[in-house]
Every structure is written in structure tokens, then in C-alpha cells.
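Student: I would like to learn how to read the features of a fold one at a time, beginning with how a helix is placed against a sheet. Could you take me through an example?

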Amino acid sequence: MLFRRRPEPVSWIVAFLGNPGPRFAGTRHNAGFAAAGAIEQIHGIAINKLKFNALTAVCEFGSVRALLMLPQTYMNLSGNAVRQAMQFYKVPLDNVIVISDDVALPAGKLRIRRSGSAGGHNGLKDIIDKCGGDGFARIKIGVGSPPHSEYDMAKWVLTKLSGDDEKLVTAAAVRAADALDVMITSGIDAAMAKYN
């Protein structure tokens, strides 16, 4: 008789939002994936194990284990991957952190929130719809707003970052990785005080 190995427990789930594939690399909408890249460098890990329709890795922050995930379902279906991981590891919604882009923030600005609405972000909306509400923390990376109000928002978030915006968002992705570490090891209030 074969026995299944019980999965190592994780206390947190961290979802970095973006769109998979080289076509979307370096776009505004993939700021969450950029933060995942910073985490990989800082912690010397590779988020590359395919599980829950996402690329995943388990990472230790101090003595706390977290599942890191890059959903491969495209942005507007991110909730599918997060829900599967929550059910598998029995992690409650308030132990989920989502890292995403935010067009309402200037390029390079970070904002940490304990919970809140989707704010027009389709990835956040799908997680709220499929995972039981909006009671999860998020780290938002500012990617700047379109140059004028008539500009097509879908086109804007899928444009490649360049120039100052690219530098600012790249630096913010590294700060988001640092903020994640603080959130998990010291609590969200400490992270908000330091990075907001």
C-alpha cells in the first residue's frame, strides 16, 4: 500500500500577479511578477514548480513558511490558482498576500493595504470573487496612469515599461519584496509604517 506524503505546512500564500509568457514580460501589468523576481534573487530560490495552475516555491521568512505563486492563468483568472492553494494548504484568506500593479499610484510608489476593493484591477477582482471576499492583504506597486483620460487602459497596462518608469517600477519591485518580508515576519502594521 502506498502512502502519500503529507504536504509540508505553509502559513502564508503570496500571489504575485501578472500575465505569463515572454509577450507580457516587462509590461506594467507584470509588476507583481517583477517583485517575484526580486524575491528569487534575495532568497536564492526559483519559483518554478508547476502546481495549482501556477509556478510555485516554498520560501522561509524567518521561521515562517510561505507558498509563493505566479498564477499562469492570465491576470483576470488569478483567483482560480489562489483558491486551489488555499484549499490544499487550508490557509485562511487573512493569511493571503497579493502583490500587483496599480495604475492609480505614481510609477515606483508602494502602497500596502490590509484589505479593500479591487479598484478596477481584474486580477484582484477575480481573487475577491473566487476566494471568499476582500479580506486579504496586498502590496500595490505604482505603475503610473495613462497620459490622458481617453487612453485605452487595457493597452496602457500591457505596454512595456521604459525610461524613468522602468527604473522606478524595478526599484519598487525590490522594495515590495522587502516589504513582504516585513509583513510576514513583523506584521502588516510594521510594513505599512515603513513602506506606505
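Tutor: Contact here means heavy atoms within 4.5 Å, and the angle between two elements is taken between their N-to-C directions, so it can run from 0 to 180 degrees. With that in mind, and remembering that this is a predicted model, look at helix α1 (residues 31–43), which lies across β1, β3 (54–61), β4, β5 (96–102) and β7 (137–142) and runs at about 125° to β1.

Student: In what order do the strands of the sheet follow one another, and which of them are the edge strands?

Tutor: The sheet is open and has 7 strands in the order β2-β3-β4-β1-β5-β7-β6, with mixed pairing. Its edge strands are β2 (49–51) and β6 (110–113), each of which pairs on one side only. On average, neighbouring strands of this sheet are turned by 30° against each other, direction ignored.

Student: How should I read the pairing around β1, and what are the bridge partners there?

Tutor: Strand β1 (residues 12–16) pairs in the parallel sense with strand β4 (residues 64–71) over 4 bridges, and within that pairing Val14 has Leu68 of β4 as its bridge partner. β1 also pairs with β5 in the parallel sense, over 4 bridges, where Ile13 is partnered by Val96 of β5. Moving on from β5, you find 6 bridges joining it to β7, again with the strands running parallel; here Val98 has Arg138 in β7 as its bridge partner. As for covering, β5 is mostly covered, with 7 of its 7 residues buried.

Student: Which residues have the most contacts inside the largest nonpolar core?

Tutor: The general idea is that in soluble globular proteins nonpolar side chains tend to be buried together. In this model the largest nonpolar core has 40 residues, and those with the most contacts inside it are Phe16, Ile97, Ile139 and Leu180. Helix α5 (residues 163–186) gives the most to this core, with 10 residues. Apart from it lies another core, of 24 residues, including Ala15, Met75, Val82 and Leu93. To see the surroundings of one member of the 40-residue core, take Phe16, whose contacts beyond four places in sequence include Phe33, Ile39, Leu68, Ile99 and Leu180.

Student: How do the axes of α5 and helix α6 lie with respect to each other?

Tutor: Two packed helices are described by the angle between their axes and the distance between the axes. The axes of α5 and helix α6 (residues 188–195) come within 7 Å and cross at roughly 150°. Arg175, Asp178, Ala179, Val182, Met183 and Ser186 in α5 meet Ile188, Ala190, Ala191 and Tyr195 in α6, and the residues of this contact divide into 7 nonpolar, 1 polar and 2 charged.

Student: Which residues of helix α3 are buried, and what do they pack against?

Tutor: In helix α3 (residues 122–131) the buried residues are Gly123, Leu124, Asp126, Ile127, Ile128 and Cys131, and they pack against α2 (78–89), β5 and β7. Just after α3 comes Gly132, with a positive phi near 100°.

Student: How many disulfides are there, and is Cys131 buried or exposed?

Tutor: A disulfide is a covalent bond between the sulfur atoms of two cysteines. The count for this model comes to 0 disulfides. Cys131 counts as buried because its relative accessible area is 8%, which falls under the 20% cut-off; Cys59 is buried as well, at 2% relative accessibility.

Student: What is the phi of Tyr74, and what is that of Lys90?

Tutor: Most residues other than glycine have a negative phi. Tyr74, in the loop between β4 and α2, nevertheless has a positive phi near 75°, and Lys90, in the loop between α2 and β5, has a positive phi near 55°. As to accessibility, Tyr74 is partly exposed at a relative accessible area of 43%, whereas Lys90 counts as exposed at 71%.

Student: Where is Trp156 found, and which residues does it touch?

Tutor: Trp156 is found in helix α4 (residues 153–157) and is buried, with a relative accessible area of 10%. Among the residues it touches beyond four places in sequence are Arg28, Val103, Gly144, Pro146 and Tyr151. Trp156 and Gly144 are 12 residues apart in sequence, and their C-alpha atoms are 9.5 Å apart in space.

Methods:
Residues numbered from 1 in each chain as written. Predicted model: local features only at pLDDT ≥ 70, side-chain atom pairs only at ≥ 80, totals over all residues. Heavy atoms only, no water. Pairing = 2+ DSSP bridges. Helix = DSSP H or I, 4+ residues; strand = E, 2+ residues; numbered from the N terminus. Disulfide = S-S within 2.5 Å. Buried < 20%, exposed > 50% of the residue type's maximum accessible area, 1.4 Å probe, protein only. Core = buried A, V, L, I, M, F, W, Y, C linked by side-chain atoms within 4.5 Å. Nonpolar A, V, L, I, M, F, W, Y, C, P; charged D, E, K, R; others polar.
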